[in-house]
Amino acid sequence: MAYSRERKRARRGLVVALVVLVWLLITAALILLVDGRTVRFYIYGEDDMTVEYGSAFQDPGVYAVTVGNLFGESEKHLPVQSLGTVDTRRLGVYILRYTARYAFEDHSIERRVSVVDTTPPVIELKHIAGYEPSWMTGYAEEGYVAYDAVDGDLTGKVRRVKLDDRVQYTVTDTNGNTTVVERELPNISYQPPKITVLGDRDLVMQATLWYEDPGALVTDGLGNDLSDYLQVEGSVTPWFAGDYTITYSVTSELGETIRDERHVTVVPVPGPETVTPAEKTIYLTFDDGPGPYTGRLLDVLDRYGAKATFFVTAQDPRYFDEIGRAFRAGHAIGVHTGSHDYNQIYASELAFFEDFYNMEEIIRQQTGEYTRLFRFPGGSSNTVSNFNPGIMSRLTRAMTDLGYRYFDWNVYSGDAGDTTKATQVAKNIKDGCAQQKVSVVLQHDIKSFSVDAVESVLIWGRENGYSFKALQLDSPGMHHGVNN
Ligand code: ZN
């Protein structure tokens, strides 16, 4: 029976142990339930951080513990894993996430990090050693650069404002940060520049076709050439006698002006006073040649010892030799026109001069000298030039100032359309000349019938006491009224 008592005791002990074990498990479960243990994070620094662009960022970190209702916080720090990075070279908001694992569960917390730009740009002013402002430009910028950590080079965005005694430079970066710097201007104690008028300050010259102003030089107080800044006002019309003023000036950037002047006096080329012949005189004049009949005309004039005047053109180069022949025979040669094209000749003063001097050159080739006698195509009273208002008024004045003498006529032969009969031409001339002591007769030696009329006129003139002369500078011009 001892055996069975021992077995009974052992069974009782096992039951007691089981009961105790179950009680312990229940108690432990109750404790855990009531304790409600979880994870708590402690964050170093702010959970919403702001850091400057480009700064070195160090995560301040966190630590984590478990915490329960009954036993409070644990001593032991839980391992924490952190996720996310902050790039301070890029503006924006970054999230850092910290995670701890406890009781098969992840617990986490976040931190916001804002990377911002609150640093204004930098403006660096340059200084040139020994620099002095000048009268011309005032203060000339010595230079500057502007840069910003975020935007880089901002030199081109700098606003520069010139104030009385300083210059202000302002620049703003893309994040609205503004920098203002100022430069004190050096004391400005320069001498004003000097204008040197080249050549005569009071220039007197005879009327001519070309005037080239000798100009002026400008130097500043330091001897620098400022001639590029010279402004020239006024001009000389060298073919009109008169007083002209040329003004030279230099104006600084600050609006200060210095000036000097040249006075140009254009005087007429001197010529003799008109002398009206005392005796009965006929000036036969022939326009528009030389031509095929000019030689015949010269023969007739020679035979009677009469002198005439030829206002020549360049229309038929085959007969240019007749110009020289007439000249050597003692006749007067005057310019009529090179082209005889009214629209071309009267287009402008310069166009007239060009045509005129073309003819002058031909005359010089044939005679060895230039002439100062001429007749306007169409006469000075012409209206064919009306397309250019006032041109005849200007040309009669200019050509006279230039020393030329123009001749119109007071006897018209009628050979330019009124008749084609030599007898009628001769009658017209005789009738016209009979009414006055001194006559200038207009004929055209490119018209055969007009040349044919000449011998009859010469005979009539000799019988009636007239002498036939070539025009000279002092002969009566028989000027018509200018109509344009
Ligand atoms: Zn003509």
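Let's start with a strand pair. Strand 8 and strand 9, residues 144-148, run antiparallel to each other, joined over four bridges. One facing pair to look at: Val 122 sits opposite Tyr 147 of strand 9. Keep in mind that this is a predicted model.

Now widen the view to the sheet. It is open, it has three strands, and their order is 8-9-10. The pairing is antiparallel. Which strands are at the edges? Strand 8 (122-125) and strand 10 (152-153), since each pairs on one side only.

Next, the domains. Domain 1 covers 36-116 and domain 2 covers 122-184. Domain 3 takes 194-267, and domain 4 takes 281-468. How far apart are the C-alpha centres of domain 1 and domain 4? The answer is 117 Å.

On to the metal. There is a zinc ion, and three residues coordinate it: Asp 288 through OD, His 336 through NE2 and His 340 through NE2, at 2.2 Å. Along the sequence, the donor spacing reads D-x47-H-x3-H. Where do the donors sit? Asp 288 is in the loop between strand 20 (281-287) and helix 2 (294-304). His 340 is in the loop between strand 22 (332-337) and helix 4 (342-345). So this pair ties together parts that are 52 residues apart in sequence.

Are these two donors buried or exposed? The cut-off for buried is under 20% relative accessible area. Asp 288 comes out at 13%, so Asp 288 counts as buried. His 340 has 18%, so His 340 is buried too.

That's the tour. Questions, please.

Note on methods:
Residues are numbered from 1 along each chain as its sequence is written. This is a predicted model: local features need pLDDT of at least 70, side-chain atom pairs count only at pLDDT 80 or more; totals for chains, interfaces and linings use all residues. Side-chain values use heavy atoms; hydrogens and water are left out. Donors are N, O and S atoms within 2.8 Å of the metal (3.2 Å for Na, K and Ca); water is not among the atoms, so sites may look incomplete. Helices (H or I, at least four residues) and strands (E, at least two) are DSSP runs, numbered from the N terminus. Buried means under 20% relative accessible area, exposed over 50%, partly exposed in between (1.4 Å probe, protein chains only). Domain bounds come from an automatic or database domain assignment. Two strands pair if DSSP finds at least two bridges between them.
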